[in-house]
Structures are given as C-alpha cells and as structure tokens.
Amino acid sequence: MNLSIVIPLYNEEESVDALHAEVTAAAGRLDREYELILVDDGSRDRTAEKLRAICARDPRVKVVRFRRNYGQSAALQAGFDQARGQVVITLDGDLQNDPNDFGLLLRHIDEGYDVVCGWRRNRQDRMISRRLPSMAANWLIGRLTGTPIHDNGCTLKAYRLEVVRKASLYAEMHRFLAPMMSLCGSRTREVVVHHRARRFGVSKYGLSRIWKVFLDLLTIKMLLGFTTRPARWFALLSLPFLAGTLLAFATSVYIHFAWTPRNGYPLVFPSATLLFAFAFAHLIVLGFLAELIVKVGDFKESEAVLATVETGGPHADRQTAR
Amino acid sequence: MRIARLRGEPEVSVVIPVVERYGDLRQLYEEFAAELERLGRPAEFLFVVDDSQRGALPVLRALQEESAGEILIVTMGGAFGESAALTLGMEKARGETILTLASYFQVDPRGLAGAFDALERLDGGADLVVGRRHPRIDSTFNRLQSRLFHSVVSRLTGTRFHDISCGFKLMRRRVARELNLYGGLHRFVPLLALSRGFTVKEIPLRQRDEDRGTRYHGTGAYLGRMLDILTVFFLTRFTRTPLRFFGLLGTALFFLGFGIDLIAVVQRAVADQGLADRPILLLGVLLMVLGVQTLSLGLIGEIIIFTHARNIREYRVAEVIRGAGGHRPREVPQPEAESKKAATAS
C-alpha cells in the first residue's frame, strides 16, 4: 500500500458523498495504490448510513465508527492505527481542504520530508473571530515548541507512516500535531494549500477554550524537552521560587539590620522566605519522583526516535529499512 | 414454585453480591428465577459472598441443594466490598447478558420484561439498562439523601440519572468486561459505561416494600461517597489529560495569590500603606505556592500517562466496515491490544 487518506467525520451527512467523489477523483490522478479511511466520530445524523452505502460500492474504503463522539484527535489516531500506506494524508471532512493538493504534499514527502503541513494562507474565514485568535495561538505554539508552523489548525497534512506510528494523540492534541510529530525528530515542511469556505453546515472545531490550549501546550513543552530527564525540568520550574526565597530572605535581613523596631520586627518577610523555600524544595523532590516514574515506565527512548539506517560497502545488498 | 433444570449454556447470568446486608435470599432467588423462566430465559445465579457476610452461606447452600436451577456460590476470602464482588461475579458469569441485583428486594421482578425489551429492541437497544425505583415509596429521609447525591453527581458529570445506585442493572457482557470496578466505583456503573461510549437507558421499576427501611450511614460513609464522586468525575473526564484538572486548579490558585500580592504592592507604592505588617501578603504567597504545587502534581500525572499508558487509546470503536461488503459488527478488537500489535509490526 502506497498511500492512506484519513478523514475524520462528525455530522457530515451533507458533504460525505461529495467528499468521497472529490477525494477518489483526486487520488485516482496520483497513480498510486491508495486506501481511504473514514472515521465516523460518533455522528448523530445520517453519516453512518451514507458511509455504509459508500463502503458497499468502493472496496478501497474502510470505515471506523466510534461508539460516541471523542473529538478530532482520537479520530485521527484511529485513522492512523488503521493506516497501512507508506504515506498518510489527513484532511478535513467538510470539504474546506482541496484534495487536488495531494500531489503537492506528496512531492515534498518524496523529497525527504517526514511531515508536510498545509498552510491556508488565504483563509476563507472571518478575520476577528477566527483568524486573529488562531494567528496568536500559532505564534505562541511556534515560540514554545520550536516548530514554527503558520497554521497548526489545518488538517491537510501528509506524514510518513513511521512518524505516525511514533505519535500518540489524545484529547485536543490535533492542534499541536506538527510539534507532537517532531518529538521523534522528524523533518517538517510547510506548503501553501488552497482553502475553500464551508459549503455545508457550521464549523465544529474551534479554538474556544484558551486555558485548555495553554495547559496542553505546557504538557507538550514538557514532553518535547524533558520527558527523559524530568528532574532537570522540575529544577528549571523551581528557579523562580529559588529567586523568591533569596529575595524575601535578603529583605528580611535588610529589615533586621536597617530598621529600629518600635514594636518588634515584622514577621511577613521571614515567613515568605519559608513559603518560597517550601515550594522550591517541593519541586526539586517531585523532580526525583518523576525520574523514578520514567525509570520504571515502559517508555524507551529508542522507540520514540526516528532513525535511518544506511548501509553501504560490501554488505549493501542486506540493506535495512528503517 | 419449581425451577426447571438448566439445559446448555445460560443466556442470563444473575450476579448478586452479598456484601453489606441481605434480605430473604431464598425468596429473592425464587421470585427472580421464576420470572426469568416465565420469560423463557435460561439463567444461572451467582451469589458472591463477602467474608463479612458468612452468615448467608447456610441459606445459600441449602438453596443450592434443593433447587434444580443453576446456582453458584462464590466466597471471597476477605471483606473486599461490593465492587470486588461484582467484578468477581461478572468474570465467572457465562451468559451473554448479565443482570446484577441487590441482595435484598429493591424492585419487583415483574419489571424484567420491560428491561429486556429496552436492552434488545431493534431500533437502538441499549448496552446497559439501569433500574430506577419509581415511584419511591420509602422514607423522606432516604429520598432526600438520594436527591442530594444525584444532584451533586449530575452537576459534576453532566448526566441525568435518578437512581444510579439501584442494584438492578441489566447489561451486555461487553459492558461488564470494560467496567473495571474497584473501591466505591460500583455506585457509578452507568456513568462509567457512558464514558466508555455505551448506550445507557434508565427504566422505572416498581419499588418493593422490603426496600422501605430508612438508611442511616455514619459521617465517614458520606465523606467517602463525596470522595467517590470526585474520583468518578476525575476518571471519566481527565484520565488522559491530568494536567487539565490539576492545571486549572493550580493556575486559579496561583493567579488568585498573585493578584492579592499585586494589590498589596500597589497599595504600598501608591497609597502609602505598609507592606511588611500585612498578613495578606502571606496569604498571597501561600496561594501562589499552593498553585504551583498543584500544577506540578498535574505534570507528574502527565509523565505517568506518557510513560505508562502511551499506547492506551481513549476512543472506543463501535465497528469497522471494510469496503465492498466485508462487514463485521460486534466483537471489534479494542485499540489497546491493537496498538501494541501495530507497534511491533512497524
């Protein structure tokens, strides 16, 4: 199998037939052997029926139906788990992405990139309510994760299968797919793709809850940098409290010597010193706990790393795939 | 009433945990067995007896001797509680459908027909049918407790059940297999099933007179229940994303403390109010410290999930349909097992 196309669907009864027609037409022009994996994310309308009908007439289609709605990340993960193609392309179920961009994505994969992300430079959405917040979020994600992508929200992406197998998506991780995928050291590339306004229904996935995004970002940041050495990460986190301890301590020393007390020394600053010191010590100790957890866990760094093996010379015929 | 001998495999397994208190087990068995027989459902009965209720064993053994029906008595070696008893009973059950009952009369057996109908109806049968004692005939105090308990539960989990702790539950085997009950989780079976993506239906059942007695519990029991509710709230919403739970709490505490101290500092700078002699400064610092500690515990949670449960998938598949007719509903391999395979295959 050469190519797997994964499409998450949630209440898309109007667009699913058109989607199938467009995608198969575009994929047919690629001249590659492909499969189409449609993930029904617990739709409550007639999507499932339509999918059954599509399945009955197209042997290249595989449908995964969820028991209930689990969100886009889980849907994509289910698609990845089913995918058998060497390259996996994902796109939105609402026809906002143009299947004719497949060729462009695949060209960059063939050039040697592991992840190719679509960038909807000319987004057909409202400026204030959708584009501005998403620009801010993308900037922040880029700064914090070190994978500067203009458009993390674009579902149209292509991956090499090995990269997909290393990732584990859940909750709302689909917002940080490119950074998540770069956990294993993949080469990422961004290309400008077409974007069309919604033809049917309303948008279902929005950047609604900011704090969730922020906390997820913190998780990713931690997973990205320091999963294998958490003690250092916690030590880093404790630095502000070390600073607080020193500052409060210095203040109390200063007060002790510089003031002439009328009715005793104020206890506030020594107490603050102690509190900050507690937090500092707490974080350092938690870091060791985290080390312990990682040590006894089943996480192996070698499994999470994308590696290429090159062989040459006299044994070149025993070439190993990666 | 004579109960006929079971031929072949049972269709329904009735699991009765005898854990806290028990009523007339013989009558309970006879009435439910008779009703199941009337409905034409070959059944087996499993009594799981907690070590603390050994007094029930002679009655059950006598029943086993006398009755022609299939009765299994499982005795637990210690006082392990109801969740353990239910899990044990469900593991030993052979039927495709599992019925759990309280060890005393809560509801009338005549409601069984309706329950089976709700489970099996063609237009969208449920995976789990929960009984609701309705109308309630027991004491005002019991009703008040129950009302309070359920209002907290529905507030926290966003579900609408009226009587989740009713012992009467009829479920498909696949539900029982995924529940994984422990501690006090047996009270929340409908919520756990819902979060696993199963369809759950509540049906009204006539309450029996035997269920009338007022139930008082010690303060410890109520406290324990509140903690159980929180556990379920956490388990059904945040298992995969612990930082969201701890993080929200932690950041809220942190910013509260930060705000308090900021105001104190501004007042010192502008309004010439002393800083060093104000205890509120300490409150602010304390809240900030608490916030960071809570948040960091969430980070520990994330590390646990990442290093121990990377391959657990949160989604549950209803079915996989393959193109051109190859259609297999029912027993789909669930993703945990599958992802391991995928990992080794690649």
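Student: What makes the strands E3-E2-E1-E4-E6-E5-E7 of chain B an open sheet?

Tutor: In this predicted model, the 7 strands follow one another in that order. Strand E3 (70-75) and E7 of chain B stand at the edges, each with a single partner strand, so one side of each has no neighbour in the sheet. From one strand to the next the twist averages 20°.

Student: Why is the pairing in this sheet of chain B called mixed?

Tutor: Strands of a sheet can pair in either a parallel or an antiparallel way. E5(B) and strand E6 (residues 169-172) of chain B pair in the antiparallel sense, whereas E5(B) and strand E7 (residues 200-205) of chain B run parallel. Both senses occur, and the sheet is therefore mixed.

Student: How do you know that E5(B) and E6(B) are paired?

Tutor: Pairing requires at least two bridges, and E5(B) and E6(B) have 3 bridges; the condition is therefore met. Val129(B) stands opposite Leu170(B) in E6(B). On the E7(B) side there are 6 bridges, with Val130(B) opposite Glu202(B).

Student: Why is strand E5 of chain B described as largely enclosed?

Tutor: A residue counts as buried if 20 or more other C-beta atoms lie within 10 Å of its own. In strand E5 (residues 128-133) of chain B, 5 of the 6 residues are buried, so the strand is largely enclosed by the rest of the structure. Helix H4 (residues 112-120) of chain B packs on the sheet and touches E5, E6 and E7 of chain B.

Student: What makes strand E3 of chain A and E8(B) a pair?

Tutor: The requirement is at least two bridges. Strand E3 (residues 61-66) of chain A is joined to E8(B) by 5 bridges, and the two run antiparallel. The count satisfies the requirement, and they are therefore paired. Val64(A) has Val320(B) as its bridge partner.

Student: Which residues make up the contact between the two chains, by number and by class?

Tutor: The contact takes 48 residues from chain B and 56 residues from chain A. On the side of chain B that touches chain A, H10(B) gives the largest share, 16 residues. That side has 24 nonpolar, 12 polar and 12 charged residues.

Student: Which residues of the largest nonpolar core touch the most other members?

Tutor: Ile89(A) is one of these residues, in a core of 66 residues. Leaving aside neighbours within four places in sequence, Ile89(A) is in contact with Leu3(A), Ile5(A), Phe102(A), Leu105(A) and Ala158(A). The others that touch the most members are Ile5(A), Val6(A), Leu38(A), Val39(A), Met180(A) and Met181(A).

Conventions
Residues numbered from 1 in each chain as written. Chains lettered and ligands numbered in written order. Predicted model: local features only at pLDDT ≥ 70, side-chain atom pairs only at ≥ 80, totals over all residues. Buried ≥ 20, exposed ≤ 12 C-beta atoms within 10 Å, placed from the backbone. Helix = DSSP H or I, 4+ residues; strand = E, 2+ residues; numbered from the N terminus. Contact = placed C-beta atoms within 7 Å. Nonpolar A, V, L, I, M, F, W, Y, C, P; charged D, E, K, R; others polar. Core = buried A, V, L, I, M, F, W, Y, C linked by C-beta atoms within 7 Å. Axes fitted to C-alpha atoms, helices over the stretch in contact; angles between N-to-C directions.
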